[in-house]
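Good morning, and thank you for joining this short presentation. I would ask you to keep the sequence and the structure in view while I speak.

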Amino acid sequence: MKVTQHIDNAQGKTLFSFEILPPLKGQNIRSIFDSIDPLMEFNPPFIDVTYHREEFEFRELDNGLLEKKIVKKRPGTVGICAAIQNKYQVDAIPHILCGGFTREDTENFLIDIDFLGIQNVVALRGDAIKSEIYFRPEKEGHHYASELVTQIDNLNKGIYLDPELQNSARTDFCIGVAGYPEKHMEAPSPDSDIYFLKQKIKNGAQYIITQMFFDNKKYFDFVAKCRVEGITVPIIPGLKPIATKKQLNMIPHRFKVDLPDELIMSVVKAKDNDTVRQIGIEWCIEQSKELVSAGIPVLHYYSMGKAENIRAIAKEVF
């Protein structure tokens, strides 16, 4: 079932969903199930599975020269989605990126997941690889998520890359995209960021999942601006409980989001990370309750493969 259908069927009730990431290469599917099992009591209608593109590593050879090696540390997105749908009978939603994909790769990826009965996809540009400062697309790939959305929407219309295909079947993907309450790190301004978000919706996206935020006002203001600009699709808030002192610096640096001073000082004064974890849970519970009271259709949690804190939050909210 499509995300938009899940929302319609809920008839105003706030749904619970979460995102997982594939395990490191060498681990098995059991680690994924172990992170999902504790959360199934809250009846998630769908689970997102991230996609991790290749990285480049330089390894020194015996002769002293460096060898450039392509490494994919977290493979398995499509297989994990198939396993989730088979085991739990809930919709699994793969992320698909511009980075690391040619247009042909993208089409084949979409054909694969369509054959598996997957009806939803989250279309993202993706980050630059660690060895590059700025994002660089593949030679025959997409530069922007809006272009990726267009290709997926074209496939929904039966338009494939090969114009000579006869009687081509239409796919039926519900397309999600990312939104940034505090703007994308590369956007020159919040208004320009919403302008490009609007383009993704125009090109065929049907719902938005936001970057994490720790101040609900940022989310409410973002939704209000989107509505003024004519964006009417569901805007699902993405939430993540802070869990370690290190994240005070890591989260703003990596994701370019602000943390409220009250939360910061509570974490600074905490005696250890166990205390920080409880602070993060309590903060996220209050965020979640306020969002539920506001009638938000879905709360989406970034679990990062850690179920315990998400379960503690969900028990108080759902």
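Glycine 280 touches Pro241 and Ile242, when residues up to four places away in sequence are not counted. I should say at once that the model we are looking at is a predicted one. Glycine 280 has its place in helix 10. Is glycine 280 buried or exposed? Its relative accessibility is 3%, and because buried means under 20%, glycine 280 counts as buried. For a sense of distance, please find methionine 250, which is 30 residues from glycine 280 along the chain. The C-alpha atoms of these two residues are separated by 15 Å.

Let us stay with helix 10 and turn to its partners. Helix 10 covers residues 273-293, and helix 9 covers residues 261-269. The axes of these two helices come within 9 Å and cross at roughly 160 degrees. Angles over 145 degrees count as roughly antiparallel, and helix 9 is therefore roughly antiparallel to helix 10. Which residues make the contact? Helix 9 contributes Glu262, Leu263, Ser266 and Val267, while helix 10 contributes Val276, Ile279 and Trp283. Sorted by character, the residues of this contact are five nonpolar, one polar and one charged. The crossing of helix 9 and helix 10 is right-handed.

A further partner of helix 10 is helix 7, which spans residues 216-228. Here the axes come within 10 Å, and the crossing angle is roughly 30 degrees. Since angles under 35 degrees count as roughly parallel, helix 7 and helix 10 are described as roughly parallel to each other. From helix 7, the contact involves Asn216, Tyr219 and Phe220; from helix 10, it involves Gln287, Glu290 and Leu291. The residues of this contact divide into three nonpolar, two polar and one charged.

Tyr219 leads us to our next residue, for it is also among the contacts of threonine 210. Threonine 210 lies in strand 8, residues 207-212. With a relative accessible area of 0%, threonine 210 is buried. Leaving aside neighbours within four places in sequence, what is threonine 210 in contact with? The residues are Gly179, Pro181, Tyr219, Phe222, Ile235, Ile236, Pro237, Gly238 and Tyr302. For glycine 238 there is a further detail: its backbone nitrogen lies 2.9 Å from a polar atom of the threonine 210 side chain.

We now move to strand 2, residues 46-49, where aspartate 48 has its place. Aspartate 48 is buried, and its relative accessible area is 0%. Its side chain makes a polar contact with the side chain of histidine 95, at 3.2 Å. Apart from neighbours within four places in sequence, aspartate 48 is in contact with Phe18, Glu19, Ile20, Ile93, His95, Val122, Ile209 and His300. Glutamate 286 is 238 residues from aspartate 48 along the chain, and the C-alpha atoms of the two are separated by 23 Å.

The last residue I wish to present is histidine 6, in helix 1, residues 3-10. Is histidine 6 buried or exposed? Its relative accessible area is 13%, and histidine 6 is buried, because the cut-off for buried is under 20%. Its contacts, again without neighbours within four places in sequence, are Met1, Leu15, Pro45, Phe46 and Asp91.

That concludes my presentation. Thank you for your attention.

How values were computed
Residues are numbered from 1 along each chain as its sequence is written. This is a predicted model: local features need pLDDT of at least 70, side-chain atom pairs count only at pLDDT 80 or more; totals for chains, interfaces and linings use all residues. Side-chain values use heavy atoms; hydrogens and water are left out. Axes are lines fitted to C-alpha atoms, for helices over the stretch in contact, and angles run from 0 to 180 degrees between N-to-C directions. Helices (H or I, at least four residues) and strands (E, at least two) are DSSP runs, numbered from the N terminus. Angles under 35 degrees count as roughly parallel, over 145 as roughly antiparallel, 65 to 115 as roughly perpendicular and the rest as oblique. A crossing is left-handed if the near helix is turned anticlockwise from the far one by less than a right angle, and right-handed if clockwise. Contact means heavy atoms within 4.5 Å. Ala, Val, Leu, Ile, Met, Phe, Trp, Tyr, Cys and Pro count as nonpolar, Asp, Glu, Lys and Arg as charged, and the others, Gly among them, as polar. Buried means under 20% relative accessible area, exposed over 50%, partly exposed in between (1.4 Å probe, protein chains only). A polar contact is a pair of N or O atoms within 3.5 Å; within protein, one must be able to donate a hydrogen and the other to accept it, and residues adjacent in sequence count only if both atoms are side-chain atoms.
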